[in-house]
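Here's a quick walk through a protein model, from its sheet to a helix and a couple of single residues. Have a look at the sequence and the fold first.

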Amino acid sequence: MSKTHQTLSDHAKTPGLPGFVAMASHKGQICFSGAYGQRGPDLAVPMATDQVFYIASMTKAITTMAALQLVEQGKVDLDQDPGTVLDDLAAPKVLTGFNEDKTPILRPAKASITLRHLLSHTSGFGYDMWNPDLAQYVAVSGTPGIGTGLKAALRLPLAFDPGTAWEYGIGIDWAGQVVEAVSGKTLDVYCRDHITTPLGMTDTAFLPHSAMQPRLAGMAARGCNCRRDATGGDNVVVLDQDSVIEPEAMVEAATATHGVFLEGARAWRRLACTDHACLCAADLLNQSVCSGSHADRKSTRLNSSHSSVSRMPSSA
């Protein structure tokens with residue numbers, strides 16, 4: 001056993017880490033692969049290298065690739081106001097506080113949102129589960145929480161004026177909506193046709209197909225605010241797979257949006273094998289050499305890494 005394998009194998013015995021898969025690629029080829037521990041804290045089955053995982057916000061990179069492909073094709077511009085294709089973004093408002101009766105105080109944003117803002121988390125959109133003001137807004141306005149996956153959950157006010165600060169939020173959820181509006185395809189279909197299929201990522205999808213179901217890894221999260229338990233390990237909370245895999249909203253979303261959005265909070269319902277995640281990362285970093293098929297062009301990657309980040313506000 002190599003030193004790397006031994007180290008990772010030892011780490012898998014740590015309380016609070018049920019199991020994991022580690023991979024690395026070099027010049028388009030998987031050069032290291034290993035599975036450690038078990039499929040979940042309540043699944044006493046050894047982890048396998050072809051296990052299917054929920055990849056959470058890692059899908060933000062895939063949605064960003066989709067948006068930048070459309071930028072390259074001249075169908076949308078990074079500095080375009082997405083309100084020109086999405087009515088819901090035509091007149092954004094900023095949440096400045098609450099009245100004594102707890103009703104929200106809103107004012108018009110001082111600038112328009114751009115696609116660049118959406119992709120770089122500088123649009124003013126946040127997440128209601130992490131931003132206390134947005135959480136209060138959701139509570140008093142009756143807006144669905146982001147975890148519902150309903151399109152209405154995206155209709156939040158901004159936490160700040162576009163381009164003036166940075167906050168991790170639902171901007172890329174909205175970018176996914178831009179992709180749908182501009183391409184005429186639902187986000188899952190667009191990503192399948194233009195990103196995952198060209199890269200050979202056949203086991204990456206919003207919903208698991210029949211061949212993926214038996215390989216689903218269990219889901220778990222650290223509990224009690226990540227405090228250590230008496231043994232020195234993290235407390236682990238087992239998450240319900242069924243509530244994640246086939247909620248009614250996602251079953252509808254498999255064929256059309258129908259008031260359901262695909263990305264962001266829905267992104268954590270997307271699934272992939274580790275080797276496919278490795279393929280996607282290698283495609284972004286190594287000029288699409290991983291599968292011999294280009295999911296995007298070099299100029300897209302440069303647009304993403306330089307055009308957005310280099311113009312990020314100094315407060316970011």
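Two strands count as paired if DSSP finds at least two bridges between them. Helices (H or I, at least four residues) and strands (E, at least two) are DSSP runs, numbered from the N terminus. With that settled, β2 and β3 make a hairpin, with two residues between them.

A word on where this comes from: this is a predicted model, where local features need pLDDT of at least 70, side-chain atom pairs count only at pLDDT 80 or more, and totals for chains, interfaces and linings use all residues. Residues are numbered from 1 along each chain as its sequence is written, and side-chain values use heavy atoms, with hydrogens and water left out.

**The whole protein**

The protein has 10 helices and nine strands. Of its 316 residues, 46% are buried, meaning under 20% relative accessible area (over 50% is exposed, in between is partly exposed; 1.4 Å probe, protein chains only). Taking contact as heavy atoms within 4.5 Å, residues 24 or more positions apart account for 65% of the contacts with a separation of 6 or more. The accessible surface (Shrake-Rupley method, 1.4 Å probe; for residues, only the protein chains shown count as cover) comes to about 14,900 Å², and 54% of that belongs to carbon and sulfur atoms.

**The sheet**

Back to that hairpin: it belongs to an open sheet of three strands in the order β1-β2-β3, with antiparallel pairing. Strands β1 (19-26) and β3 (43-46) are the edges, each pairing on one side only. From one strand to the next, the twist averages 15°. Axes here are lines fitted to C-alpha atoms, for helices over the stretch in contact, and angles run from 0 to 180 degrees between N-to-C directions. Strand β2 (residues 29-40) is joined to β3 by two bridges, and Gln 38 stands opposite Pro 46 in β3. Helix α1 (residues 3-11) packs on the sheet, touching β1 and β2, and its direction makes about 20° with that of β2.

**Helix α2**

How far apart are the end C-alpha atoms of α2? They are 20 Å apart, which agrees with the 20 Å expected for 14 residues (59-72) at 1.5 Å a residue; the expected span is 1.5 Å times one less than the number of residues. Because 12 of the 14 residues of α2 are buried, the helix is largely enclosed by the rest of the structure. Among the buried ones are Thr 59, Lys 60, Met 65 and Val 71. Just after α2, Gly 74 takes a positive phi of about 75°.

**Two buried residues**

| Residue | Location | Relative accessibility |
|---|---|---|
| Leu 95 | strand β5 (residues 93-98) | 8% |
| Thr 114 | loop between β6 (104-108) and α3 (115-119) | 12% |

Leaving aside neighbours within four places in sequence, Leu 95 is in contact with residues including Pro 104, Leu 106, Tyr 137 and Leu 158. Leu 95 and Phe 160 are 65 residues apart in sequence and 7.5 Å apart in space, C-alpha to C-alpha. Thr 114, not counting residues up to four places away in sequence, touches Leu 78, Asp 79, Gln 80 and Pro 82.
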